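Notebook open, coffee poured. Here is what I looked up today, entry by entry.

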Amino acid sequence: MNPDDPTPPPSFSFPHFELKDVFNILQKEEDIPWSYFRDGVDIYRFYGDGINGPTAALIRFRKEARVPMHLHEGWEHILVLAGSQRDQNGIINAGTLRIHPPGTYHSVVSEAGCIVLAIYEKPVRFMERPLNPDSPMAGN
């Protein structure tokens, strides 16, 4: 083994998934095996089941699609790859990373449609009714 060679020996290999040219995702979106998530919203999970533990996924919002109010019980990272989406904190466009800390909540809409990379530590909890707008966590 050569200490100057950065290539790990075969015993260190591991399975991985790679998505190249991610900022041109719109040219590849029909090649992705999307699954139904909500009306107008599709998902492709890289890992995790969205029920237990961490998950990473592509989420595709069709025009005017919405995800209702939900609570983040762990960290969530959203990177908008194409299009834009809006929540109580404003609009985020392609190339924007937004991080939601545990204990925050929001609802999301994409007027024109978008595709995001979502990485979350714990599954979100969907709320059955809107939260009090005067709550200290409202809009986070």
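First, a term I needed: buried means under 20% relative accessible area, exposed means over 50%, and partly exposed is in between (1.4 Å probe, protein chains only). I kept in mind that this is a predicted model, where local features need pLDDT of at least 70, side-chain atom pairs count only at pLDDT 80 or more, and totals for chains, interfaces and linings use all residues. Residues are numbered from 1 along each chain as its sequence is written, and side-chain values use heavy atoms, with hydrogens and water left out.

**Entry on Arg38.** I found Arg38 in strand E1, residues 35-38 (strands, E, are DSSP runs of at least two residues, numbered from the N terminus). Is Arg38 buried or exposed? Neither: I got a relative accessible area of 26%, so Arg38 is partly exposed. Leaving out residues up to four places away in sequence, I saw that Arg38 touches Arg66, Val67, Pro68 and Phe126 (contact means heavy atoms within 4.5 Å). I also checked Ala65: 27 residues separate Ala65 from Arg38 in sequence, but their C-alpha atoms are 8.7 Å apart in space.

**Entry on Trp75.** I tracked Trp75 to the loop between strand E4 (65-72) and strand E5 (76-87). With a relative accessible area of 40%, Trp75 is partly exposed too. I noted that Trp75, Leu97 and Ile99 make a nonpolar surface patch of about 290 Å². Patch rules: residues have over 30% relative accessible area and no salt bridge, and nonpolar side chains (Val, Leu, Ile, Met, Phe, Trp, Tyr) are joined within 5 Å, like charges within 9 Å. A salt bridge puts a side-chain nitrogen of Lys or Arg within 4 Å of a carboxyl oxygen of Asp or Glu. The accessible areas come from the Shrake-Rupley method with a 1.4 Å probe, and for residues only the protein chains shown count as cover.

Notes: Helix = DSSP H or I, 4+ residues; strand = E, 2+ residues; numbered from the N terminus.
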